[in-house]
Amino acid sequence: MQLSPRPAAPGRLLLLLLCVAAAGAGEAEELHYPQGEHRADYDREALLGVQEDVDEYVKLDPDEQQKRLRAIIKKIDLDSDGFLTESELSSWIQMSFKHYAMQEAKQQFVEYDKNSDGSVTWDEYNVQMYDRVIDFDENTVLDDTEEESFRQLHLKDKKRFEKANQDSSLGLSLEEFIAFEHPEEVDYMMEFVIEEALEEHDKNGDGFVSLEEFLGDYRRDPTANEDPEWILVEKDRFVNDYDKDHDGRLDPQELLSWVVPNNQGIAQEEALHLIDEMDLNGDKKLSEEEILENQDLFLTSEATDYGRQLHDDYFYHDEL
């Protein structure tokens with residue numbers, strides 16, 4: 001019997017998603033920056049999806065939109081000096097990422113908790129994900145390649161579920177469910193994330209990931225004069241982004257910078273992009289006037305989660 005899982009939510013099958021993301025990075029970059037030009041509408045569509053959500057923020061009347069935007073600007077300005085620095089913008093964007101990840105996990109918890117008893121059992125997780133309870137034998141390898149691949153992923157899910165379950169009860173509490181969905185956000189799950197990454201990539205079992213292990217099954221075509229572009233990009237990332245001590249291998253901490261989504265880097269890049277585009281006087285920071293002058297750009301950036309924060313009083317309510 002062949003089983004097909006439902007689409008995985010953010011945080012699930014972390015290592016698989018990261019591999020897929022890495023493989024598609026070049027295509028996404030081209031869509032995001034065609035001919036080197038930044039597409040703000042791509043940002044909105046990528047995050048919000050359907051057109052109704054993309055357009056939602058414009059439904060506010062102009063006065064209310066600006067009122068909420070001013071409130072958000074005030075909250076970003078941590079030192080209340082009237083300017084938004086790269087650091088303040090980056091911190092705000094990172095906070096926004098985490099807030100929405102946690103909100104989504106909370107909503108999923110309610111959906112997974114079939115009997116509404118305040119915990120999610122492994123059976124309830126399976127029913128929500130696959131419409132049935134699935135139980136694979138850890139020691140029985142399946143003949144069908146696709147089914148064996150699914151068995152391996154399912155067993156990894158079960159292992160992460162058990163690790164998130166701190167009190168060894170039958171189900172996960174909300175806090176434990178968040179740890180299961182977003183292990184990269186929870187301290188007690190970091191060891192598990194590293195173990196999973198080493199199990200996946202450390203083929204010789206020395207506790208490190210070499211460049212060859214990092215590149216996976218790639219072997220250069222003996223008839224080719226040089227590696228393909230994507231391999232050159234990955235090698236550059238290994239050397240310049242991940243291998244901090246330049247010893248030719250990734251230790252467990254360096255491995256984390258690869259397998260855990262780097263929200264800090266994304267946030268810093270977006271903050272610098274906004275300042276570069278909106279800083280009219282060249283002081284490397286943004287005033288309220290500069291932001292309001294470029295309001296459309298600010299509302300199509302990660303600083304306001306592409307306008308979504310104007311509809312979430314968590315971000316603006318305290319300052320109104």
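This is a short selection tour of a predicted model.

**Aromatic pairs**

The whole structure holds 14 aromatic pairs. Select Tyr125 and Phe180. Their rings meet edge-to-face, with centres 5.2 Å apart and 90° between the planes. Tyr125 belongs to helix H7 (residues 122-130) and Phe180 to helix H9 (residues 174-181), so this pair links parts of the chain 55 residues apart. Tyr125 is buried because its relative accessibility is 0%. Phe180 is buried too, also at 0%.

Next, select Phe214 and Tyr242. This pair is tilted: 5.9 Å centre to centre, 55° between the planes. Phe214 sits in helix H11 (residues 211-215) and Tyr242 in helix H12 (residues 229-242), so the pair ties together parts 28 residues apart in sequence. Both residues are buried.

Now widen the view around Tyr125 and Phe180. They belong to one aromatic cluster with Phe109, Tyr112, Trp122, Phe161 and Phe177.

**Charges over rings**

Select Arg249 and Phe208. Arg249 lies over the ring face, 3.5 Å from the ring centre. Then go to Lys285 and Phe83. The charged end of Lys285 sits over the Phe83 ring, 4.5 Å from its centre.

**Asp117**

Select Asp117, in the loop between helix H6 (86-112) and strand S2 (120-121). Asp117 counts as partly exposed, at 47% relative accessibility. Its side chain reaches the backbone nitrogen of Ser119 at 3.1 Å. Add Ser173: its C-alpha is 9.8 Å from that of Asp117, across 56 residues of chain.

**Helix H10**

Finish on residues 190-201. At 1.5 Å a residue, these 12 residues should span 16 Å, and the end C-alpha atoms are 17 Å apart, which agrees. Colour the buried residues, among them Phe192, Ile194, Glu196 and His201.

Definitions and conventions
Residues numbered from 1 in each chain as written. Predicted model: local features only at pLDDT ≥ 70, side-chain atom pairs only at ≥ 80, totals over all residues. Heavy atoms only, no water. Helix = DSSP H or I, 4+ residues; strand = E, 2+ residues; numbered from the N terminus. Buried < 20%, exposed > 50% of the residue type's maximum accessible area, 1.4 Å probe, protein only. Polar contact = N/O pair within 3.5 Å; in protein donor to acceptor, adjacent residues only side chain to side chain. Expected span 1.5 Å × (residues − 1). Phe/Tyr/Trp six-rings, centres within 6.5 Å; stacked < 30°, edge-to-face > 60°. Lys NZ or Arg CZ within 6 Å of the ring centre and 35° of its normal.
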